[in-house]
Amino acid sequence: MRRTVLSAVLASAALLSGCASHSPGPAAPAIVTVRVDQAGRDKRFEFTLHGVETGLKSVGRSGFVQNTAAGTYVIATFWIKNITTGPQDFRNSDVTLVDTQGRRFAVDDSATMTYNLDHAVDPTYTGMPAGKILVARMVFDVPMDAVLSHVMFLDDVKATLL
């Protein structure tokens, strides 16, 4: 009898602790949607998309380092401002280009580096001091049939292109 009661108590405790661990966490933050030339913020950065350039087959200088797109290159130009009180890191992987079919395209790191070095843009976004604003130009290789919808910054800020 004692063993049955102890088993029932342990089973109840296990059931209750299991339920507690599956309780919903805090709600996901709402996505901030902005248009071109409007600022959007998350907890660390303010982003302003200034535009996109489309239809480039290659970036870089002929005879030097040059990258050729599998589809077509899209160059997104935006400002990133550190809105915290300390240094922050921003990575190319923090930005995604999305088309109207919902396909997500990552930054082409090699083409971005080539483009930025060719245009004397500092491609370093690590240890950005508080209050600092960087002009960023990131290159995406997208299929020729892609119809661009928006740029996502850290999955919190959506800059629409339509």
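## Exercises on a predicted model: sheet, strands and core

In strand E8, the residue that serves as bridge partner of Leu97 is Val151. The model is a predicted one, and the exercises below start from this pair of residues.

**Exercise 1.** Establish how E8 is joined to the strands E5 and E9, and follow the pairing through Val151.

*Solution.* Step one is the pairing of E5 with E8, which is antiparallel and extends over five bridges. Within this pairing Leu97 is matched with Val151, and Val98 has His150 of E8 as its bridge partner. Step two turns to E9, which pairs with E8 in the antiparallel sense over four bridges, and here Val151 stands opposite Ala159. Taken together, Val151 is thus bridged to Leu97 and also faces Ala159 in E9. Step three concerns the connection: E8 and E9 form a hairpin with three residues between them, and Leu154 in the turn has a positive phi of about 55°.

**Exercise 2.** Extend the pairing to the edges of the sheet, and state the order of its strands.

*Solution.* On the E5 side, three bridges join E5 to E6 in an antiparallel arrangement, with Phe105 of E6 as the bridge partner of Leu97. The hairpin of E5 and E6 has four residues between the strands, and Gly102 takes a positive phi near 85° in that hairpin. On the E9 side, E1 and E9 run parallel and are joined by four bridges, and Arg35 has Thr160 in E9 as its bridge partner. Putting the pairings in sequence gives an open sheet of five strands in the order E1-E9-E8-E5-E6, with mixed pairing. Strand E1 (32–35) and strand E6 (104–106) are the edge strands, each of which pairs on one side only. Neighbouring strands of this sheet are turned by 25° against each other on average, with direction ignored.

**Exercise 3.** Decide whether the strands E5 and E8 are enclosed or not, using the burial of their residues.

*Solution.* The criterion needed is that a residue counts as buried when its relative accessible area is under 20%. For E8, six of the six residues are buried, so this strand is largely enclosed by the rest of the structure. For E5, five of the five residues are buried, so E5 too is largely enclosed by the rest of the structure. The two faces of E5 can be separated: Val95, Leu97 and Asp99 lie on one side, Thr96 and Val98 on the other, and all of them are buried. A polar example in E8 is His150, which counts as buried because its relative accessibility is 11%. The side chain of His150 is joined to that of Ser149 by a polar contact of 2.8 Å. Leaving aside neighbours within four places in sequence, His150 is in contact with Thr96, Leu97, Val98, Lys158, Ala159, Thr160 and Leu161.

**Exercise 4.** Identify the residues at the centre of contacts in the largest nonpolar core, and the strands that build this core.

*Solution.* The largest nonpolar core has 26 residues, of which Phe78, Phe90, Val95 and Phe140 touch the most other members. At least two residues of this core come from each of strand E3 (45–60), strand E4 (66–82), strand E5 (95–99), strand E7 (133–142), strand E8 (148–153) and strand E9 (157–160). E7 gives the largest share, five residues. A second core, separate and made of eight residues, includes Leu56, Val59, Tyr73 and Ile75. Returning to Phe90, and leaving aside its neighbours within four places in sequence, its contacts are Phe45, Phe47, Phe78, Ile80, Val95, Tyr125, Met128, Met138 and Leu154.

**Exercise 5.** Describe the surroundings of Phe47, and place them in the chain as a whole.

*Solution.* Phe47 belongs to strand E3, and it counts as buried because its relative accessibility is 1%. Not counting residues up to four places away in sequence, Phe47 touches ten residues, among them Trp79, Ile80, Phe90, Phe153, Leu154 and Val157. Its C-alpha lies 8.8 Å from that of Ala159, although the two are 112 residues apart in sequence. For the chain, residues 24 or more positions apart account for 70% of the contacts with a separation of 6 or more. The protein chain holds two helices and nine strands, and 36% of its 162 residues count as buried.

Note on methods:
Residues numbered from 1 in each chain as written. Predicted model: local features only at pLDDT ≥ 70, side-chain atom pairs only at ≥ 80, totals over all residues. Heavy atoms only, no water. Core = buried A, V, L, I, M, F, W, Y, C linked by side-chain atoms within 4.5 Å. Buried < 20%, exposed > 50% of the residue type's maximum accessible area, 1.4 Å probe, protein only. Contact = heavy atoms within 4.5 Å. Pairing = 2+ DSSP bridges. Axes fitted to C-alpha atoms, helices over the stretch in contact; angles between N-to-C directions. Polar contact = N/O pair within 3.5 Å; in protein donor to acceptor, adjacent residues only side chain to side chain.
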